[in-house]
Amino acid sequence: MKKIGTAFAVLATLLLSCGGARAQKFAPKSAPATIAPDLTKLNIEKILQQAQTTKVQPSTQDISPLQVVAEFLQLRPGQVSELEQLLQARQVALVPLLQTAQTLIQQLAVLLNSGGNPTQVGALVIQIHALQQQMVQAQQGFLTQFVAILDTEQLQKLQAVQVAVQLQPILPAFQPIFLF
């Protein structure tokens, strides 16, 4: 039971790091729903660091998030391979966008701190927003492809995790009054 709880906690952490997931009713498998991350809380430096240090292959000491997800969702070996490919493709798509966004954010900070030209500030804000939209599209594409490889039971488990992530902020309020 403790192993399942640990796996669930790691999976919830993994999903939180992907952006604000929210529970949704998914359409039939032919038209899977996607989850758009909340970009208002986007920490480009942290995401870039995580993207560059994320390993799809597990280290000898730790269980990887991919292993936890695969075990929790009971993914078949072929599905695990597809998920690894999807993760690598997402990383290839996101890292350059994140690096460019980080550079533009630094330029924007310099402009704002020096009382820069409003036209330049506006242009940078528009460029950053466009990059954020590209990141959202990459994440949505990843999620759509991932959901498409899941069977019904696996999809239900993923939806349960999405509900758990949504409920996580309010759980501390339930503990002191012993509601679980």
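**Exercise 1. Gln74 and the turn after helix 3**

Classify Gln74 as buried, partly exposed or exposed, and describe its backbone.

*Solution.* Let's start with the accessibility: Gln74 has a relative accessibility of 48%, so this residue counts as partly exposed. Keep in mind as you work that the model is predicted. Next, place the residue: Gln74 sits in the loop between helix 3 and helix 4, just after helix 3. Finally, look at the backbone: phi of Gln74 is positive, about 55°, although the residue is not a glycine.

**Exercise 2. A second positive phi**

Find where Phe178 lies, and work out its exposure class.

*Solution.* Begin with the position: Phe178 belongs to the segment after helix 7. Its phi is also positive, at about 50°, and Phe178 is not a glycine either. For the class, compare its relative accessibility of 72% with the cut-off: exposed means over 50%, so Phe178 counts as exposed.

**Exercise 3. The overall fold**

How many helices and strands does the protein have, and what share of its residues is buried?

*Solution.* Counting the elements gives seven helices and zero strands. Read from the N terminus, the order is therefore α-α-α-α-α-α-α. Now turn to burial: 34% of the 180 residues are buried. The accessible surface adds up to about 11,300 Å², and carbon and sulfur atoms hold 60% of that area. As for contacts, take those with a separation of 6 or more: 72% of them join residues 24 or more positions apart.

**Exercise 4. The largest nonpolar core**

Which residues touch the most other members of the largest nonpolar core, and which elements give two or more residues to this core?

*Solution.* The core has 19 residues, and those touching the most other members are Leu73, Leu75, Leu83, Phe142, Phe146, Leu150 and Leu158. Sort the contributions by element next: helix 3 (65–73), helix 4 (77–113), helix 5 (118–148) and helix 6 (152–167) each give two or more residues. Helix 3 gives the most, with five residues.

Then look along helix 3 itself, where the buried residues are Leu66, Val68, Val69, Ala70, Phe72 and Leu73. Zoom in on Leu75 as well: leaving aside residues up to four places away in sequence, Leu75 touches Ala70, Val80, Leu83, Leu150 and Gln154. Ala70, listed here as a contact of Leu75, is among the buried residues of helix 3.

**Exercise 5. The second core and a pair of isoleucines**

Name some members of the second core, then find how far apart Ile105 and Ile128 are in space.

*Solution.* The second, separate core has 13 residues, including Leu98, Leu111, Ile128 and Ala138. Starting from Ile128, go to Ile105: the two are 23 residues apart in sequence, and their C-alpha atoms are 7.3 Å apart. Ile105 lies in helix 4. With a relative accessible area of 34%, Ile105 is partly exposed.

**Exercise 6. The aromatic pair**

What geometry does the aromatic pair of Phe142 and Phe146 have?

*Solution.* Searching the whole structure turns up one aromatic pair. Its rings belong to Phe142 and Phe146, with 6.3 Å from centre to centre and 5° between the planes. Planes under 30 degrees apart count as stacked, so this pair is stacked. Both residues lie in helix 5, four residues apart, about one turn of the helix. Phe142 and Phe146 are both buried.

**Exercise 7. The salt bridge**

Why does the salt bridge of Asp151 and Arg76 tie together separate parts of the sequence?

*Solution.* The structure holds one salt bridge. The side chains of Asp151 and Arg76 form this bridge, at 3.4 Å from N to O. Asp151 lies in the loop between helix 5 and helix 6, while Arg76 lies in the loop between helix 3 and helix 4, so the pair ties together parts that are 75 residues apart in sequence. Check the exposure too: Asp151 is partly exposed at 28% relative accessible area, and Arg76 is partly exposed at 45%.

**Exercise 8. The nonpolar surface patch**

Which residues make the nonpolar surface patch, and is Leu179 buried or exposed?

*Solution.* The patch covers about 740 Å² and is made by Val163, Leu167, Ile170, Leu171, Phe174, Ile177, Leu179 and Phe180. Helix 6 and helix 7 (171–174) each supply at least two of these residues. Leu179 comes from the segment after helix 7, and with 53% relative accessibility Leu179 counts as exposed.

Technical notes: Residues are numbered from 1 along each chain as its sequence is written. This is a predicted model: local features need pLDDT of at least 70, side-chain atom pairs count only at pLDDT 80 or more; totals for chains, interfaces and linings use all residues. Side-chain values use heavy atoms; hydrogens and water are left out. A nonpolar core is a set of buried Ala, Val, Leu, Ile, Met, Phe, Trp, Tyr and Cys residues joined through side-chain atoms within 4.5 Å. Buried means under 20% relative accessible area, exposed over 50%, partly exposed in between (1.4 Å probe, protein chains only). Contact means heavy atoms within 4.5 Å. Patches are made of residues with over 30% relative accessible area and no salt bridge: like charges are joined within 9 Å, nonpolar side chains (Val, Leu, Ile, Met, Phe, Trp, Tyr) within 5 Å. Accessible areas come from the Shrake-Rupley method with a 1.4 Å probe; for residues, only the protein chains shown count as cover. A salt bridge is a side-chain nitrogen of Lys or Arg within 4 Å of a carboxyl oxygen of Asp or Glu. Rings of Phe, Tyr and Trp (its six-membered ring) pair if their centres lie within 6.5 Å; planes under 30 degrees apart count as stacked, over 60 as edge-to-face and the rest as tilted.
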